[in-house]
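Subject: Structure handover

Dear colleague,

I am passing on the structure below, together with notes on what was found in it. Please read the notes with the structure open beside them.

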Amino acid sequence: MSLSYSFVLLTYNQEDSIGDAVRSALGLEGPPLEILVSDDCSTDGTFEAMKAAVAGYSGPHNVILNRNPQNLGVNRHINQSIRQSRGEVIIAGSVDDLSLPDRALKVARAFEQKGALLAHSRAVVEDLRGNPAVHPYEKKAAFFRTTDVREVAAAKALYLGATCAWHKDLYRKYGPIPEAAVFEDLILGFRAALEERVVLIPDETV
C-alpha cells in the first residue's frame with residue numbers, strides 16, 4: 001500500500017464491547033496499520049478493558065491507546081483523533097461493530113485503485129445474540145443509490161457509518177468537523193460528494 005492508514009476506534013463507557021472491537025482491529029490482514037484506540041474519559045472500566053485487549057499483542061500493527069483527561073464529546077474527540085493519527089486515510093472503527101479480517105485490504109484498493117476520498121461498504125447484520133438479522137440501511141442511505149450532490153445535500157443518511165474510511169484531504173480542504181450538534185457522517189459524505197470521489201466497496205467489511 002502506498003498510502004498510510006490509521007484505524008481509529010473511539011469509545012466512551014463501552015467496557016462490555018470494547019475488547020471485541022479492539023481484537024477485531026488487531027486481526028486485520030495486510031501491511032501494518034496504526035491502530036489508535038481513544039477513550040473519551042469513560043467513567044466505567046472501558047480503558048482497563050482496552051489495555052487488557054492489547055496485552056501481549058505482538059503482531060504487525062502499531063497500537064496506540066489514548067485516554068482523554070476530560071470528556072470532549074463526539075466531534076471534538078473526532079477532531080483530536082485526526083490530529084493524533086499519522087495515516088493519510090482514516091478507517092473508522094465502531095465499538096458496536098467488528099471489522100472483518102480483509103477490511104483494510106479492501107479499503108486500500110478503493111483508495112489506491114479507484115481514487116476514493118471516502119469509501120463505504122455493505123455489512124453483515126446480526127442481532128445482539130449473533131443471529132442473522134435484517135436492517136434496511138441500503139434503502140435509507142443515499143450513497144447506495146446516488147452521489148449526486150443535490151440529492152446528497154437533502155439526505156438524512158448517506159452511508160453506513162461503521163463501514164467508512166476517508167482521506168484526510170477532506171479535513172485539510174474543508175476544515176475540522178464542527179463542534180456542534182451535527183453528524184460527522186453527513187459532513188464527510190457531503191464533502192466527498194462535492195469532490196465526486198465516493199466509492200462503494202461492494203462487499204461486506206464489518
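A cavity, as the word is used here, is a set of points on a 1 Å grid over the protein atoms alone where a 1.4 Å probe fits but cannot get out, and its volume is the space filled by probe spheres set on those points. Please keep in mind throughout that this is a predicted model.

With that meaning, a search of the whole structure turns up one cavity of 30 Å³ or more, and the largest cavity holds about 40 Å³ of space. Its lining is made up of 13 residues, of which Phe 7, Gly 93, Ser 94, Asp 97 and Ser 99 are the closest to the centre. The elements that contribute two or more residues to this lining are β1 (5-11), α1 (18-26) and β4 (89-93). By type, the lining of the largest cavity comprises seven nonpolar, four polar and two charged residues.

The largest pocket contains about 1,400 Å³ of space, and among the 49 residues that line this pocket, those closest to its centre are Ser 94, Val 95, Asp 96, Asp 97 and Ala 162. At least two lining residues come from each of β1, α1, α3 (74-84), β4 and α8 (184-195), with α3 giving the largest share, five residues. The lining of the largest pocket divides into 28 nonpolar, twelve polar and nine charged residues.

Strand β4 deserves a few words of its own. Because four of its five residues are buried, β4 is largely enclosed by the rest of the structure. β4 runs parallel to β1, to which five bridges join it, and antiparallel to strand β6 (residues 165-167), with three bridges between the two. Ile 90 of β4 appears in both pairings, since it is the bridge partner of Ser 6 and has Trp 166 in β6 as a bridge partner.

Finally, there is a lysine to look at, Lys 106, which is found in helix α4 (residues 103-112). Lys 106 counts as buried because its relative accessible area is 14%, while the cut-off for that label is under 20%. The side chain of Lys 106 makes a polar contact with the side chain of Asp 102, at 3.0 Å. Once its neighbours within four places in sequence are left aside, Lys 106 is in contact with Ile 201, Asp 203, Glu 204 and Thr 205.

With best wishes

Definitions and conventions. Residues are numbered from 1 along each chain as its sequence is written. This is a predicted model: local features need pLDDT of at least 70, side-chain atom pairs count only at pLDDT 80 or more; totals for chains, interfaces and linings use all residues. Side-chain values use heavy atoms; hydrogens and water are left out. Buried means under 20% relative accessible area, exposed over 50%, partly exposed in between (1.4 Å probe, protein chains only). A polar contact is a pair of N or O atoms within 3.5 Å; within protein, one must be able to donate a hydrogen and the other to accept it, and residues adjacent in sequence count only if both atoms are side-chain atoms. Contact means heavy atoms within 4.5 Å. On a 1 Å grid over the protein atoms alone, a cavity is a set of points where a 1.4 Å probe fits but cannot get out, and a pocket is an open set with protein on both sides within 12 Å along at least five of seven lines; lining residues have an atom within 4 Å of a point. Ala, Val, Leu, Ile, Met, Phe, Trp, Tyr, Cys and Pro count as nonpolar, Asp, Glu, Lys and Arg as charged, and the others, Gly among them, as polar. Two strands pair if DSSP finds at least two bridges between them.
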